[in-house]
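Biologist: I am new to reading protein models, and I would love a close look at one part of this one. Could you take me through a pair of helices that pack against each other, and set the scene with the whole chain?

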Amino acid sequence: MDHLIQSQMQYDILVTGAGLAGIRAAVSCARENRNVLLITSSRLCSGSSFYPLMDTIHCLCTAGPQDRERFFKDIEDCSQGMNDPWMGRYYIDHIEECIGNLPEMGIDFHKLPEKKLACFGHTARDLYYWKDWDALRTRVHQAIRKTGRITVMEHTDLVQLLVSENRIIGALLLGPEGILTISAKAVILAGGGMGGLYLHNLNTADVNGSTQAIALKAGAKLINLEYNQFIPGFLSPLYKTVFREGSLRYCTGLIGPDGEDVLKGLLPHQADYEECLMLREPHGPFTFSDNSRYFDIALMKSALQRIEAEGGRFDESSGCLIRYSPDILKDKRGYVRDYTDWLLREHNIHIEKDPISIAPFFHAANGGIWVDHGCCTGVEGLFACGEGAGGIHGADRLGGMASGSCLVFGTLAARSACSHAGKNHFSPVPVDDIRGQLYASYQCCPPYIKQPLSDTGRIPDSPQEICRRVKELMWRYGGIIRTEKGLVTALETMDAMGLVLDQNMGLDDCEDAPQLKAFLKAHQYLDLGRALLASMLARRESRGSHYREDHPQTDPLAGAWRTAVSLTDGKYVVSQTPAPGYTEPSSCS
């Protein structure tokens, strides 16, 4: 293991993640004359912000000063008490300025000619967008070079946060050749969400929740993990293509493997087929909050039936066939017309006649690392922003606010990190201390687990197999439809896999960087997967994006608390924090 640890480098601020939040944070820090290291496990302009199988990314903005109170009410209504109201106000107050700063990052933007009703919103407002990822990436590279303060390291992973007396003093990174030791005055986590934990997801491979798992190990808490957005995605003809919900008014059938319409078979008598589709059309993500939920539940039940019919084997080609009327080509709405044109131009898909198979895909996390009003995590010198941070979003999220939150809170995290860096010095870390922290973090099995459980089936024993099994378990039991039995099954299986992993492989068995990366990834998947399942088990109700089939009612009393997860002595501690309850982390300085 020691031969993989390389020399130590110093930067004022380390930013992990090169999506929208990470780039915004890095450029903001450089503006304050801080030397910044920006790392990404893939390449610059990565993550959900620049997802390649999506035609554009949208950002929701206010429709003038008179819109602010209506905007805030929309945020509160769709969050159902699970958000931090202060963060909603802060977003509204700063989003116009932050959109205006996009050219500083090398991002040219446009505004939709018509105001649009955002997902879960009640008022149409301005929607900005940007596209053409390859050209955009070139301009962002140029903008970053222009600062003269930002070093970019692509294909580099965060492995470990180095902590001394509850203060971040640096990090371990894994590059192609081995582990790099970084001394930093502050660290900003902007590594995105956790879609990689799910078999079907509409994220790039680098969005896998590793930063949340690493932050948890460093002493941060995670919050609202049970609220995750699922939207339909293409299984075929082009896997992982984003489904545009605006097309649903032209849907003429949702056909399962037996040739029957799966939605018609699920709808209660009082619900109308067309009404369900029209309720579903205004928002991309699944929500339990209205009768549109039957559309997504039908997709999931159809997929699960196929899995059961094939003896529990996951078949990535299974799904529902969606049929469209040719009238969809006559739709003049920009976000529908641009979508159908893009499918045809870029991928030769004729939406009105080609067979298109869809299923529920993980799209975005509404919860994440618990941060306060300075984006501080409770661990001194550690900040978080973007999709990986929890606070602004609740049970549901307004469409277009994810990208806007990256801009607004990426800027705020940078301001807090620069302030912290200005009051602190570098603290070099001895190699022995590095080893101790690394080995303590990557022992996967909690001490209370003694042996594999007998009813979990065959336990995978390689890191690659473990990651694949976690993805299957999370999609099947922690996806659209959740029950106590399923969640417990998934949790017990992950505990057993952790024990097997510890028994079969350790850090010293990793001979090169690729092998080490696979080993660390398996640990991170298990760590975060168990935290997610614990949060889902704790909320015994259905609310927004969290649907418990065994508790299909919204409990008014449960609206008074949010779910937080911490890690103490290898055990996951789930706590209920009362409203508003989002200012606890602190420790900015």
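**From the whole chain to one helix pair**

Modeller: Happy to! Let's begin at the surface: the accessible surface of the chain comes to about 21400 Å², and carbon and sulfur atoms hold 49% of it. Please keep in mind that this is a predicted model.

Now for the overall form. The C-alpha trace spans about 65 × 60 × 50 Å along its principal axes. A compact globule of 589 residues would have a radius of gyration near 25 Å, and the chain, with 23 Å, agrees with that. Of the 589 residues, 63% count as buried. Among contacts with a separation of 6 or more, 76% join residues that lie 24 or more positions apart in the chain. As for the parts list, the chain has 13 helices and 21 strands.

Here is the pair you asked for. Helix α6 covers residues 273-280 and helix α7 covers residues 293-309; their axes come within 8 Å and cross at roughly 100 degrees. Angles of 65 to 115 degrees count as roughly perpendicular, and α6 and α7 are therefore roughly perpendicular to each other. Which residues make the contact? On the α6 side they are C276, L277 and R280, and on the α7 side they are Y294, F295 and D296. Sorted by character, the residues of this contact are 4 nonpolar and 2 charged, with no polar ones. Why give both an angle and a distance? Two packed helices are described by the angle between their axes and the distance between those axes.

Two other helices are worth a visit, to see what burial looks like. Take helix α5, residues 210-218: 8 of its 9 residues are buried, so this helix is largely enclosed by the rest of the structure. The buried ones are S210, T211, Q212, A213, I214, A215, L216 and A218. Right after α5 comes G219, which has a positive phi, near 115 degrees.

Finally, zoom in on a single residue. S79 belongs to helix α2, which runs over residues 68-79. Is S79 buried or exposed? Its relative accessibility is 2%, and buried means under 20%, so S79 counts as buried. What does S79 touch, apart from its neighbours within four places in sequence? Its contacts there are I392, H393, G394, A395 and D396. Try finding S79 in the view, then look for those five partners around it.

Terms used:
Residues numbered from 1 in each chain as written. Predicted model: local features only at pLDDT ≥ 70, side-chain atom pairs only at ≥ 80, totals over all residues. Heavy atoms only, no water. Axes fitted to C-alpha atoms, helices over the stretch in contact; angles between N-to-C directions. Helix = DSSP H or I, 4+ residues; strand = E, 2+ residues; numbered from the N terminus. Parallel < 35°, antiparallel > 145°, perpendicular 65-115°, else oblique. Contact = heavy atoms within 4.5 Å. Nonpolar A, V, L, I, M, F, W, Y, C, P; charged D, E, K, R; others polar. Rg over C-alpha atoms; globule rule 2.2 N^0.38 Å. Buried < 20%, exposed > 50% of the residue type's maximum accessible area, 1.4 Å probe, protein only. Areas by Shrake-Rupley, 256 points an atom, 1.4 Å probe, with all protein chains shown as cover.
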